[in-house]
Amino acid sequence: MATTITKEQLLNAVKPKSKKIVVDGIGELLVRSTGEVQRSRRTARLYDENGKLNEETFALRRIHAIVDQVMADENTPMFTEQEAKDLFESDSHMLDKIYAAIVEFNGEEVGKKGE
């Protein structure tokens, strides 16, 4: 029979995780999984007050993934919300590579949590 875990064990198991990933043509990046508060905020901003998809915000979803998940160190995002515009004006091919690496990392995290 399995032993029930403690609250501390549960909180430790579900806290955001970080990992260094290599992005071809860019180098090594530290990425962190998104916390529930940030994910909920981003999801809420996708829709206007009438429940209609906000096209402008939807177009920025890849940029927001980079802003939210690429880290300068374990606790500091590399980019601020105000710098999202700078990323939006960047080389889309290179941003595709970063975004694909983040999606792959997120898929790995989902797989681990489901085990």
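The following questions and answers cover how features of this predicted model are named and on what grounds.

User: What rules hold for the numbering and the values?

Analyst: This is a predicted model, in which local features need pLDDT of at least 70 and side-chain atom pairs count only at pLDDT 80 or more, while totals for chains, interfaces and linings use all residues. Residues are numbered from 1 along each chain as its sequence is written, and side-chain values use heavy atoms, with hydrogens and water left out.

User: How many helices and strands does the protein chain have, and what makes a run count as one?

Analyst: The protein chain has six helices and four strands. Both are DSSP runs numbered from the N terminus: H or I of at least four residues for a helix, E of at least two for a strand. Their pattern along the sequence is α-β-β-α-α-α-β-β-α-α.

User: Why are β1 and β4 called edge strands?

Analyst: The open sheet has the order β1-β2-β3-β4 with antiparallel pairing. β1 (18-23) and β4 (76-77) each have a single partner strand, so one side of each is left without a neighbour in the sheet.

User: How do you know that β1 pairs with β2, and β2 with β3?

Analyst: Two strands pair if DSSP finds at least two bridges between them. Six bridges join β1 to β2 (residues 27-32), and K20 has L30 in β2 as its bridge partner. β2 and β3 are joined by two bridges, with V70 in β3 as the partner of V31. Both pairs therefore satisfy the rule.

User: What makes β3 and β4 a pair, and how many residues lie between them?

Analyst: Two bridges join them in the antiparallel sense, and M71 has P77 in β4 as its bridge partner. The two strands form a hairpin with two residues between them.

User: Why is R42 called buried and E81 partly exposed?

Analyst: Buried means under 20% relative accessible area, exposed over 50%, and partly exposed in between (1.4 Å probe, protein chains only). R42 has 11% relative accessibility, so R42 counts as buried. E81 has 37%, so E81 counts as partly exposed.

User: How do you know that E81 and R42 form a salt bridge, and which parts does the pair tie together?

Analyst: A salt bridge is a side-chain nitrogen of Lys or Arg within 4 Å of a carboxyl oxygen of Asp or Glu. The closest N and O atoms of E81 and R42 are 2.8 Å apart, so the pair qualifies. E81 lies in the loop between β4 and α5 (84-88) and R42 in helix α2, so the pair ties together parts that are 39 residues apart in sequence. A network of salt bridges links R42, D68 and E81.

User: What separates R39 and E36, and what are their exposure classes?

Analyst: R39 and E36 meet in a salt bridge with an N to O distance of 2.9 Å. They are three residues apart in helix α2 (residues 36-45), which means about one helical turn. R39 is partly exposed at 49%, and E36 is partly exposed at 48%.

User: Why are E89 and K85 called exposed?

Analyst: E89 has a relative accessible area of 56%, so E89 is exposed. K85 has 58%, so K85 is exposed. Their side chains meet in a salt bridge (3.6 Å, N to O).
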